[in-house]
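Please look over the sequence and the structure shown below before reading on. The paragraphs that follow lead through selected parts of the chain, one after another.

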Amino acid sequence: MSRHDVIFRAVTLIDGTGAPGRDGDLAVDGDRIVALGDLAGASGTMEIDGSGLALAPGFIDAHCHDDLPLLRNPLLEAKVSQGVTTVVNGNCGFSLAPMSAGRGRPPAPLDALTGNGRYVFESFADYFAALDAAPAAVNSVCLVGHSALRHQTMDSFDRPATDAEIAAMAALLRQAMQDGAIGLSTGLFYPPAHAAPTTEVIELSRVLTPFGGVYVTHMRDETDGVADSLAETFAIGRGAGVAVIVSHHKCAGRANHGRSTETLALIDDARRDQTVWLDAYPYTAGSTFLQPGRVDNSARVIVTRSEPMPEAAGRDLDDLAREFGCTRQEAAERLAPGGAVYFDMDEADVRRILAYEHTMIGSDGIVGEPHPHPRAWGTFPRVLGHYSRDVGLFPLEEAVRRMTSLTAGRFGLTDRGVLRPGAWADLVLFDPAAIADVGDYARPAQPAAGIDQVWTNGRCVWRGGRSTGERPGRALRRGQA
Ligand code: CU
Ligand code: ZN
């Protein structure tokens, strides 16, 4: 009789590929899955009865800003409680490296993500070494932020980079890729990068080609100019010969509701001659920094963070404006710098984008905010419970594929996102009938229902509704399993 470290018994195995779930057992030795199927002839040092539960590969969050939370809050309860075992960091142009402390406080909103400039690293090698020295509960990979490169290289951001600055940024990017970063991200929407022309981004993206790195973008415009921004994204991918990923795809602002029919058709067209993927989160509200010019385009705005008025976090902007006796926009000006949730999407668009076959699930959650968007705690359970089970947008197996093997393939995560012998033992044991997001806009920071256990690299990180305190996560370098 063969003996294993751990056997999960009588589970429904959902292997991450989209194949139908099947009943069976799964065995783990050390940090790897070693067998699955009927393991009646084997025994485990630890046996876990999973009757009535599903066992899936640990979820991979395709779009994260957990660069700093991994260091400051390595148990990362917000993500682990959802079943997430790997996070993709460095999105929207923002990474903690390569930046020198001597360059001063990074421009907003990069400053907030670096702990007001206190957590910056000269190189990706330094950042990865910090994660190796103080591991988190989850694995991570990281993109190089274009705005971080700009901060490191340029003294003003309201203009295109010069040829010399582009060369300097390219050298930093090349070094970061050699150190193990997986690609480049931009936040062309944000002030530190908004003046960067398409050509600047193409030049930088060329650095990625020999590494097989991806170009990931928070596009210049997700509102009225969303089609132009897609065209720009495709041009960057073609110009540099790289795969592109459109971050948190949406059609924001009332005037653009319904336009996902058009944008997904544009993506289908582009996909005939280049590689394009996207990620999305399952909510009709977005969240980003508090931007007075944006507040009137949203049905409702909730403040998530305010530097001048910390007590405003969690409150409705309309209520604050009434108390101040001013307009929404003036209230936002008083509360900035800060963050906000904007109700500016259409439910039909959200569903259409989630259901698109090339869409990965990414939370875009800001887990360190005092009153975050509920996506920080609820994205994955909401897709599995609300959108798959209750709304019937796609079968459970397809929902799991969009958060496991699809994402692993796009970001080059070898032997993850799938249940098979030899793969890493990143696992989620959950109840498909009970899984649900619990947090809402009023009380966002709440663990999901229906998540029984979560394992990273063969060690249990979440059980009985709480963190186990284990931190087996790895800072994965490009190409490394
Ligand atoms: Cu983002
Ligand atoms: Zn973004």
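The starting point is G479, which is found in the segment after β21 (466-467). The model discussed here is a predicted one. Is G479 buried or exposed? With a relative accessibility of 64%, G479 counts as exposed, because the limit for that class is over 50%. The C-alpha atom of G479 is separated by 7.3 Å from that of L413, although their positions lie 66 residues apart along the chain.

A contrasting case is T407, a residue of helix α16 (residues 405-410). T407 has a relative accessibility of 0% and therefore counts as buried, a class that takes in values under 20%. Which residues does T407 touch, if those up to four places away in sequence are not counted? They are I60, A62, M360 and R402.

The metal site comes next. The zinc ion (ligand 2) is coordinated by three residues: C92 through its SG atom, H218 through ND1 and H248 through NE2, at 2.1 to 2.2 Å. Written along the sequence, the spacing of these donor residues is C-x125-H-x29-H. Two of the donors show how distant parts of the chain are linked: C92 belongs to the loop between β7 (84-89) and α3 (110-113), whereas H218 belongs to strand β11 (residues 214-218), and the two are 126 residues apart. C92 also has a second partner, for it bridges the zinc ion (ligand 2) and the copper ion (ligand 1). These two ions lie 2.9 Å apart. As for accessibility, C92 is buried, with a relative accessible area of 1%, and H218 counts as buried at 4%.

The next topic is the packing of helices. Two packed helices are described by the angle between their axes and the distance between the axes. Helix α6 (residues 163-179) packs with helix α8 (residues 198-205) at an angle of about 35 degrees, and their axes are 9 Å apart. The crossing of α6 and α8 is right-handed. On the side of α6, the contact is made by I166, M169, A170 and L173, and on the side of α8 by E200, E203 and L204. Sorted by class, the residues of this contact of α6 with α8 comprise 5 nonpolar, no polar and 2 charged.

A second helix pair consists of α9 (residues 226-240) and α10 (residues 260-270), which pack at an angle of about 15 degrees with their axes 10 Å apart. Because angles under 35 degrees count as roughly parallel, α9 is described as roughly parallel to α10. The crossing of α9 and α10 is right-handed. From α9, the residues V226, A227, L230 and F234 meet E262, T263, L266, I267 and A270 of α10. The contact of α9 with α10 divides into 7 nonpolar, 1 polar and 1 charged residue.

The last residue to consider is V276, in strand β13 (residues 276-280). How accessible is V276? Its relative accessibility is 0%, so V276 counts as buried. Leaving out residues up to four places away in sequence, V276 touches F234, V244, V246, I267, A270 and R271. Among them, F234 takes part in the contact from α9, while I267 and A270 take part from α10. The C-alpha atoms of V276 and I245 are separated by 5.7 Å, with the two residues 31 apart along the chain.

Methods
Residues are numbered from 1 along each chain as its sequence is written. Chains are lettered from A and ligands numbered from 1 in the order in which they are written. This is a predicted model: local features need pLDDT of at least 70, side-chain atom pairs count only at pLDDT 80 or more; totals for chains, interfaces and linings use all residues. Side-chain values use heavy atoms; hydrogens and water are left out. Donors are N, O and S atoms within 2.8 Å of the metal (3.2 Å for Na, K and Ca); water is not among the atoms, so sites may look incomplete. Helices (H or I, at least four residues) and strands (E, at least two) are DSSP runs, numbered from the N terminus. Buried means under 20% relative accessible area, exposed over 50%, partly exposed in between (1.4 Å probe, protein chains only). Axes are lines fitted to C-alpha atoms, for helices over the stretch in contact, and angles run from 0 to 180 degrees between N-to-C directions. Angles under 35 degrees count as roughly parallel, over 145 as roughly antiparallel, 65 to 115 as roughly perpendicular and the rest as oblique. A crossing is left-handed if the near helix is turned anticlockwise from the far one by less than a right angle, and right-handed if clockwise. Contact means heavy atoms within 4.5 Å. Ala, Val, Leu, Ile, Met, Phe, Trp, Tyr, Cys and Pro count as nonpolar, Asp, Glu, Lys and Arg as charged, and the others, Gly among them, as polar.
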